[in-house]
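Here are my notes on the model, set out as numbered points. Please read them with the coordinates open.

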There are 2 protein chains.
Amino acid sequence: MPKVLILSKKADEYRELVEEARLPDLELVATSDTAEALEKGVDCEIVFGEPSLIPEVLPALTNLRWVQAMWAGVEPLLDPSLRRDYTLTNARGIFGGLMSEYVFGYLLTHERRVMELFQSQLERRWEPVSTGTLRGKTIGLLGVGSIGAHLAGTAKHFGITVRGYTRASETCPDVDSYYHGENLLDFATGLDYLVSVLPNTVETRQIVDKSLLTVLPPHAIFVNVGRGSAVDESALVDALNSKQIAGAVLDVFKTEPLPEDSLFWDLPNVYITYHTSARTVPTDMMSVFVENYMRFVRGETLKYMVDFELGY
Amino acid sequence: MPKVLILSKKADEYRELVEEARLPDLELVATSDTAEALEKGVDCEIVFGEPSLIPEVLPALTNLRWVQAMWAGVEPLLDPSLRRDYTLTNARGIFGGLMSEYVFGYLLTHERRVMELFQSQLERRWEPVSTGTLRGKTIGLLGVGSIGAHLAGTAKHFGITVRGYTRASETCPDVDSYYHGENLLDFATGLDYLVSVLPNTVETRQIVDKSLLTVLPPHAIFVNVGRGSAVDESALVDALNSKQIAGAVLDVFKTEPLPEDSLFWDLPNVYITYHTSARTVPTDMMSVFVENYMRFVRGETLKYMVDFELGY
């Protein structure tokens with residue numbers, strides 16, 4: 001009977017969901033407290049939890065075989081000093097819809113001039129001005145995994161041309177043209193919208209740098225829903241200050257929470273959000289865990305396995 | 001050789017577009033001035049223009065056979081005192097994308113709390129709060145023509161259940177359930193979002209009244225991108241003031257421009273725009289005109305014919 005340790009700030013909610021799911025042969029410990037986790041769950045084979053909480057208990061878990069992370073990003077578990085003698089799976093396939101809502105919500109806010117029209121409203125000014133449109137624009141997706149694929153589908157729905165920049169994959173039918181490796185600047189040249197969905201890996205660090213920002217047109221909008229590490233933040237501040245690009249929508253930063261003295265707070269053409277573009281919905285997360293748990297007890301290969309070297 | 005009168009505030013732009021289209025056998029007069037229209041185009045067979053400008057010249061046009069309106073709404077041409085001895089076609093099939101951008105842009109602004117998160121940003125406050133989502137919600141479309149059908153498709157893309165209220169038609173595959181006639185309150189009961197795309201006709205007047213607003217839940221949002229006449233505006237103000245519904249997004253009003261003393265300006269839970277949800281894009285409008293012109297010269301039935309009695 002596999003013993004499962006739920007280690008999450010929402011331990012009670014996940015405990016209820018796992019109990020309701022009536023998974024076969026399962027012994028359960030659920031806590032948000034790492035001390036309690038070590039006391040009651042040290043002999044677990046499976047951890048289902050938040051990557052931020054797991055490193056503290058990881059060395060002590062004598063029977064560990066599998067960790068199902070509740071996030072897409074698993075950086076806390078990739079530190080080279082941590083053990084890697086278990087199967088790590090992350091959350092995939094459940095964030096695309098929320099990410100599409102975020103990205104296109106903000107792109108529409110920009111194009112349809114929601115803030116400016118609201119200002120006219122506050123001034124009781126009937127202002128029948130034309131607004132922009134998504135249709136006919138070109139979006140560039142840095143990273144086309146399950147999230148990028150959903151963004152591509154939403155873009156096509158709105159009549160947007162889609163470019164994708166990936167390591168090698170070319171599997172998403174909604175991407176009109178793919179770019180890899182050295183073709184990064186070709187990929188970015190002339191984009192109306194540049195969206196990074198990249199995870200934090202050695203290869204993605206500072207990929208959005210001065211040279212890339214330079215080839216974007218002055219009306220371009222940069223959106224970051226991946227990781228802050230993908231951006232040379234001082235180059236981005238420069239590009240925004242000098243109006244080399246028109247604006248940015250930033251949900252992730254190198255340091256989070258964003259420090260109070262960050263230059264980003266002062267830029268007029270930036271929307272800042274708080275790593276809230278796609279928070280894990282427990283019922284969604286459960287569907288991933290249940291599917292993988294059934295695979296685990298049947299001895300099958302798990303879905304969404306993370307390559308410790310690649311980092312995703 | 002058919003003589004075409006272009007009567008539009010954008011007469012020069014449309015003249016160029018018509019000339020570029022190289023339509024066969026066409027004599028062209030283009031003006032934004034009704035006096036000039038009468039002087040040079042009184043013998044035209046075809047008028048391609050804005051419904052607001054046409055009534056003034058309409059009685060004098062001795063050879064008139066067809067009017068292609070540049071708007072979806074043709075109220076100015078429906079006055080019973082005006083002649084109806086010609087074929088009237090309106091603009092259709094070109095507003096759906098823009099309307100989807102508008103409606104879902106504002107619904108996302110609401111659900112994703114764009115304004116509140118921006119307020120935190122102004123206060124340099126890292127505020128990792130959860131936001132809402134479109135997914136799993138239910139939208140009700142009052143009117144499912146070509147615009148409503150596009151809204152339905154966008155709703156499905158975002159995981160929203162779609163109800164449609166129509167006179168009789170049930171042709172849109174993206175509508176999950178249809179309602180007609182007396183079933184208006186069943187249609188509206190429990191909707192998260194109510195969107196009116198209705199034209200101004202005898203049957204649609206004040207259809208959004210107190211009884212309909214009463215069956216919406218307190219978190220409901222009402223969006224009007226059709227015509228102001230479909231709404232009992234004082235009932236709507238009451239519903240918003242008493243928080244019977246959560247908010248409204250209003251692009252059209254009984255009186256436009258919205259009078260300075262309108263109560264709508266003072267409501268905190270309303271977005272007002274200025275009949276700007278989907279302005280006619282001349283290149284889009286040309287595609288409608290070109291298709292219908294070719295049908296006209298070939299003696300075929302025109303597309304998008306308006307029934308003067310129905311009003312659309």
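1. Across which strands of chain A does helix H1 (residues 11-21) lie, and at about what angle does it run to S2(A)? Helix H1 of chain A lies across S1 and S2 of chain A. Its direction is at about 160° to S2(A). Bear in mind throughout that this is a predicted model.

2. The sheet beneath that question deserves a look next. In chain A, 5 strands form an open sheet in the order S2-S1-S3-S4-S5, and the pairing is parallel. Strand S2 (27-31) and strand S5 (87-89) of chain A are the edge strands, each pairing on one side only. From one strand to the next, the twist averages 15°.

3. Within this sheet, take one pair in detail. Strand S1 (residues 3-7) of chain A runs parallel to strand S3 (residues 46-49) of chain A, and 4 bridges join them. A:Leu7 has A:Gly49 as its bridge partner in S3(A). Strands of a sheet pair through backbone hydrogen bonds, either parallel or antiparallel.

4. Now the domains. Chain A splits into domain 1 (3-93 + 281-297) and domain 2 (96-272). Domain 1 of chain A is thus written as two segments. The C-alpha centres of domain 1 and domain 2 of chain A are 33 Å apart. Their contact takes 4 residues from domain 1 of chain A and 4 residues from domain 2 of chain A. On the domain 1 side of chain A, the residues that touch domain 2 comprise no nonpolar, 2 polar and 2 charged.

5. The contact between the chains comes next. Chain A gives 38 residues to it, and chain B gives 38 residues. Which elements of chain A give two or more residues to the side that touches chain B? They are helix H3 (96-111), helix H4 (114-122), helix H5 (146-157) and strand S12 (270-272) of chain A. H3(A) supplies the largest share, 8 residues. By class, this side of chain A has 18 nonpolar, 13 polar and 7 charged residues.

6. How are the two copies related? Two copies of a chain are related by a rotation about an axis and a shift along it. Here, chain A superposes on chain B after a rotation of 180° with 0.0 Å of shift along the axis, at an RMSD of 0.0 Å. The copies are therefore related as by a two-fold rotation axis. In chain A, the C-alpha nearest the axis belongs to A:Gly105, 2.8 Å from it. Of the interface residues of chain A, 100% are also interface residues in chain B, so the copies meet through the same surface.

7. Turn to chain B. Its open sheet of 5 strands has the order S2-S1-S3-S4-S5, with parallel pairing. Strand S2 (27-31) and strand S5 (87-89) of chain B stand at the edges with a single partner strand each, so one side of each is left without a neighbour in the sheet. The twist averages 15° from one strand to the next. Strand S1 (residues 3-7) of chain B pairs with S2(B) in the parallel sense over 5 bridges. B:Val4 has B:Leu28 as its bridge partner in S2(B). Helix H1 (residues 11-21) of chain B lies across S1 and S2 of chain B, at about 160° to S2(B).

8. Later in chain B, follow the crossover. Strand S10 (residues 221-224) and strand S11 (residues 247-250) of chain B pair in the parallel sense over 4 bridges. The bridge partner of B:Val223 in S11(B) is B:Val249. With helix H8 (residues 233-241) of chain B, S10(B) and S11(B) make a right-handed β-α-β unit. S11(B) also pairs with strand S12 (residues 270-272) of chain B, again in the parallel sense, over 3 bridges. There, B:Leu250 stands opposite B:Ile272 in S12(B).

9. Some backbone points to check. The peptide bond from A:Glu256 to A:Pro257 is cis, with omega near -10°. A:Pro257 sits in the loop between strand S11 (247-250) and S12 of chain A. In chain B, the peptide bond from B:Glu256 to B:Pro257 is cis, with omega near -10°. B:Pro257 is in the loop between S11 and S12 of chain B.

10. One further residue to inspect is B:Arg113, which has a positive phi of about 55° although it is not a glycine. B:Arg113 lies in the loop between helix H3 (96-111) and helix H4 (114-122) of chain B.

Note on methods: Residues are numbered from 1 along each chain as its sequence is written. Chains are lettered from A and ligands numbered from 1 in the order in which they are written. This is a predicted model: local features need pLDDT of at least 70, side-chain atom pairs count only at pLDDT 80 or more; totals for chains, interfaces and linings use all residues. Domain bounds come from an automatic or database domain assignment. Two residues are in contact if their C-beta atoms, placed from the backbone, lie within 7 Å. Ala, Val, Leu, Ile, Met, Phe, Trp, Tyr, Cys and Pro count as nonpolar, Asp, Glu, Lys and Arg as charged, and the others, Gly among them, as polar. Two strands pair if DSSP finds at least two bridges between them. Axes are lines fitted to C-alpha atoms, for helices over the stretch in contact, and angles run from 0 to 180 degrees between N-to-C directions. A crossover is right-handed if, with the strands pointing away from the viewer, the path from the first strand over the helix to the second runs clockwise. Copies are superposed by least squares on the C-alpha atoms of residues with pLDDT of at least 70 in both.
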